[in-house]
Amino acid sequence: MSTRTMRAIRIHEHGGPEVLRYDEVPIPRPGPGEVLVRVHAAGVNPPDWYLRNGLTRMPGKAESTVTLPVIPGTDVSGVIEAIAADVDDLAVGDEVFGLLRFPGFDGSTYAEYVAAPASDLARKPAGVDHVHAAGAPMAGLTAWQFLIELGHDHPSPFQESRHRSTVIDADTTVLVNGAAGGVGHFALQLAKWRGARVIAVASGAHESFLNKLGADRFIDYTKSRPEELVHDIDLVLDTVGGPDSKRFLRTLKRGGAQFPVLPGDFDREQTAKLGVTVSSAQVRSNAAQLAELGRLLDAGTVHVAIDSTFALADARAAHERAARGHIQGKIVLTVA
Ligand SMILES: NC(=O)c1ccc[n+]([C@@H]2O[C@H](COP(=O)([O-])OP(=O)(O)OC[C@H]3O[C@@H](n4cnc5c(N)ncnc54)[C@H](OP(=O)(O)O)[C@@H]3O)[C@@H](O)[C@H]2O)c1
């Protein structure tokens with residue numbers, strides 16, 4: 001019996017964007033609990049280049065989830081082409097989107113077909129095309145799990161206690177640092193959906209984009225230091241994170257919280273003295289939350305902004321674009 005093949009991007013050795021190879025490989029077969037998705041678009045996310053650069057396990061995972069060569073990618077939007085016998089809530093022909101097998105590096109979405117756990121997939125919102133749907137899963141779920149509801153009890157690699165979101169309503173002021181990026185632009189819109197006043201911090205080129213998404217105030221971090229301009233903030237969501245993140249602590253009111261998406265370097269004594277909470281989390285695949293986000297996308301309450309699209313064969317150019325930074329929304333690979 002001949003093996004059916006497909007085109008896919010594979011990493012054979014770690015390195016820069018040039019290691020992304022456009023290969024011909026067998027079409028995967030869906031295992032128990034899985035469906036075969038004909039990929040229409042694949043979202044591009046930071047873990048894709050972490051894997052390309054040589055990281056083979058996420059923080060908190062003892063074992064590597066990958067061996068080379070590997071197909072990168074976690075985010076997908078496409079159409080179900082085949083289905084395992086034990087999957088009964090999805091059908092051939094359904095349009096679906098999802099964050100696959102995360103945290104893990106075996107999503108394998110940079111391909112014409114992917115075998116996807118049915119439990120990671122939600123129905124694609126009918127009014128949203130595949131490119132926009134493929135931009136939503138990882139970045140949208142990260143914003144959701146930080147701001148709205150974590151939605152699982154798995155231990156965090158970043159902290160002992162469970163991450164808890166805070167109340168966001170009309171009395172809340174939220175500052176989003178890195179507001180124009182994948183996670184940031186969803187966070188801004190989810191905070192607005194909940195009624196908050198949102199301060200968006202980004203470089204100057206993103207000002208009108210962020211104002212259109214609903215930002216109440218814009219701060220260009222290349223011209224001024226946000227932590228010197230604002231105070232009495234209820235919640236800082238910092239998508240840039242890292243060692244510099246702690247400078248935002250002084251913007252918080254007592255009882256406020258800071259959520260570094262990339263865990264930073266915080267001093268417990270200092271946060272206790274200020275009366276603020278610092279909490280982080282690691283995003284996980286979650287079909288139920290994605291379905292809720294999908295309803296907001298369909299209603300036009302939340303929009304997926306597309307920074308740029310590239311054909312699957314040009315994944316290298318997509319990663320080169322990402323490396324230049326200043327991303328506005330999402331980079332997406334078009335496949336079917
Ligand atoms: N904890 C988790 O589970 C989780 C999940 C998803 C992502 N992450 C991490 O979160 C980070 C963001 O991910 P993403 O997908 O949103 O990345 P992204 O799409 O590349 O967005 C990053 C944004 O930050 C802005 N930025 C860069 N330097 C800045 C600075 N000094 N101050 C303010 N803004 C700055 C960039 O544009 P401008 O500089 O032009 O404003 C860009 O829009 C990554 O490090 C990723 O690994 C963590």
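How much space lies in the second largest pocket? About 460 Å³, and we will get there by way of a sheet. Before you select anything: this is a predicted model, where local features need pLDDT of at least 70, side-chain atom pairs count only at pLDDT 80 or more, and totals for chains, interfaces and linings use all residues. Residues are numbered from 1 along each chain as its sequence is written, and side-chain values use heavy atoms, without hydrogens or water.

**Stop one: the sheet.** Show the six strands of the open sheet, in the order β10-β9-β8-β11-β12-β13, with parallel pairing. (Strands are DSSP runs of E, at least two residues, and helices are runs of H or I, at least four, numbered from the N terminus; two strands pair if DSSP finds at least two bridges between them.) At the edges sit β10 (217–220) and β13, each pairing on one side only.

**Stop two: β8 and β9.** Select 173–177 and 197–202: five bridges join these parallel strands. Asparagine 177 faces valine 201 of β9.

**Stop three: α4.** Add residues 182–193, a helix lying across β8, β9 and β11 (233–238), at about 165° to β9. Angles run from 0 to 180 degrees between N-to-C directions, with axes fitted to C-alpha atoms, for helices over the stretch in contact, meaning heavy atoms within 4.5 Å.

**Stop four: the pocket.** A pocket is an open set of points on a 1 Å grid over the protein atoms alone, where a 1.4 Å probe fits, with protein on both sides within 12 Å along at least five of seven lines; lining residues have an atom within 4 Å of a point. The volume is the space filled by probe spheres set on the points, which are joined across faces, edges and corners. For the second largest pocket, with its space of about 460 Å³, select Gln159, Arg268, Val278, Ser279 and Ser280, the closest to its centre of 22 lining residues. β12 (252–260), α7 (268–274) and β13 (277–278) each give two or more residues to this lining, and β12 gives the most, three.
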